[in-house]
Structures are given as C-alpha cells and as structure tokens.
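Hi,

Here is the structure I said I would pass on to you. Have a look at it first, then read on.

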Amino acid sequence: MRYEIRFAGSGGQGVILAALIAGEAAALFEEGLYVVQSQSYGPEARGGKSKAEVVISTEPVDYPKAVSPNLQVILNQQACEEFSQETLPGGRIIFDDFFVTSFPQVDAYIYHLPIVRTAREKIGRELVTNMVALGTVARVLELEKIVSPDSVRKAICARVPKGTEELNTRAFDEGYLLFKSSLHL
C-alpha cells in the first residue's frame, strides 16, 4: 500500500505543519507504516506558493514525492490550477470554498468545504486553518483505515506550541466533523 497526500496553498496557511503532523501521526502513533514528508515553498514567507506532501506506505518508500496523490487538500486558486490534475483517478480533492472558486474537471471525488471560514467563524482564528484542513484529512485516513484520528490528535499535541493544544485540537475536531458531515459520504 502506498498512499500519497498533498497539502497546497499559500505561505502562512500552515500546510507544511499540517503535513508534518499527518506524517508524524502515521510514523509515531501507528504500527507498521513507513512515512516520508517533503515540502516546497516560494521565497516569500507569507503569500507565496507552498505545498507539502506525505507518503505513507507498508513498504519502505522508494520515492519520497507524491506522484499521483490519493488525497489533496487545496487551499487557494493558484494551487488548484497547478495541482488538481495530478490527483490519482478516483482519488479525493478537498477544496477550500473561500479561496478556491473555480476548479478544472478531474476524475476525483470533490469536496468544496468551508475550511478557512470554519477557522475564522467557529474557532475565531484563521491561524488554525491548517488544523481544520488536517481534521478533514484525518477523517479520510480513518475511512481508508490508514491512520486513526486519535493518532493525529496525539501528533498535534506533541508538535504545536505549549499552551495552544486545546485551540489546535478544537480546530482539528471541527475539520473532522466538517468532512464527516459532507454530502459526499
């Protein structure tokens, strides 16, 4: 089994941290999985293009980059235009409904979810957009029987700054419920 995840958006949206946590959840809190995490971003710290990938496998990972992601979380229009077509046929793409307003035809299950709006309106901090996105990913990984949501929660608490665990896990839980209640499942 090889499962590829890509988080893509703008610098400052926390896609790299979300991928690190997803990778750590699989590597540290699950049994028998090999995990590689990679990232790339533009020279701009905020606002520039950013993507981070996680490859989870039951065998040693021979190539560390996502070639045809099974799952993509895309948080802005530029990332949508650049990466959507690379999704594995029959895979899943979760688009943020605030920053992604049009998307190309792809052979994938499409979820247009209020990730940024959930962070802003339900949590009150756009800073936790990445944790809301990670919650949606955790639900997919649970459905695919790859990583449990509890493993992701443990990885969040181990990675985020001390004193922010409750804020981040609350945002994660909102993302998990957001995907769980989507009309596509």
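Below is what I found in it, going from the whole chain down to single residues.

First, a caution: this is a predicted model.

**The whole chain**

The protein chain has six helices and six strands. Starting at the N terminus, the elements come in the order β-α-β-β-β-α-β-β-α-α-α-α, so try following that pattern along the chain as you turn the model around.

How does the radius of gyration fit with a compact globule? For 185 residues, such a globule would have a value near 16 Å, and the protein chain has 15 Å, so the two agree. Along the principal axes, the C-alpha atoms fill a box of roughly 40 × 40 × 40 Å.

Of the 185 residues, 52% are buried. Contacts across the sequence also stand out: among those with a separation of 6 or more, 58% join residues that are 24 or more positions apart.

On the outside, the chain exposes about 8,600 Å², and carbon and sulfur atoms supply 52% of that. As for charge, there are 19 positive and 23 negative ones, and their mean positions lie 4 Å apart.

**The cores**

The largest nonpolar core has 44 residues. Those with the most contacts inside this core are Ile5, Phe7, Ile94, Ile115, Leu134, Val147 and Val152. Take Ile94 as an example: beyond its neighbours within four places in sequence, its contacts include Leu71, Val73, Tyr111, Ile115, Val140 and Phe179. There is also a second, separate core of 11 residues, with Ile74, Cys80, Phe95 and Val100 among them.

**Two loop residues to look at**

Find Asn76 in the loop between β4 (71-74) and α2 (77-83). Is Asn76 buried or exposed? Its relative accessibility is 9%, and because buried means under 20%, Asn76 counts as buried. Leaving out residues up to four places away in sequence, Asn76 touches Ala8, Gly9, Ser10, Phe99 and Val100. Phe29, on the other hand, is 47 residues from Asn76 in sequence and 30 Å from Asn76 in space, C-alpha to C-alpha.

Now go to Lys145, in the loop between α4 (129-143) and α5 (149-159). Lys145 has a relative accessible area of 75%, so this residue is exposed. Check its backbone too: phi of Lys145 is near 60 degrees, a positive value in a residue other than glycine.

Have fun with it!

How values were computed: Residues numbered from 1 in each chain as written. Predicted model: local features only at pLDDT ≥ 70, side-chain atom pairs only at ≥ 80, totals over all residues. Heavy atoms only, no water. Helix = DSSP H or I, 4+ residues; strand = E, 2+ residues; numbered from the N terminus. Rg over C-alpha atoms; globule rule 2.2 N^0.38 Å. Buried < 20%, exposed > 50% of the residue type's maximum accessible area, 1.4 Å probe, protein only. Contact = heavy atoms within 4.5 Å. Areas by Shrake-Rupley, 256 points an atom, 1.4 Å probe, with all protein chains shown as cover. Lys, Arg positive; Asp, Glu negative; His and termini not counted. Charge placed at Lys NZ, Arg CZ, Asp CG, Glu CD. Core = buried A, V, L, I, M, F, W, Y, C linked by side-chain atoms within 4.5 Å.
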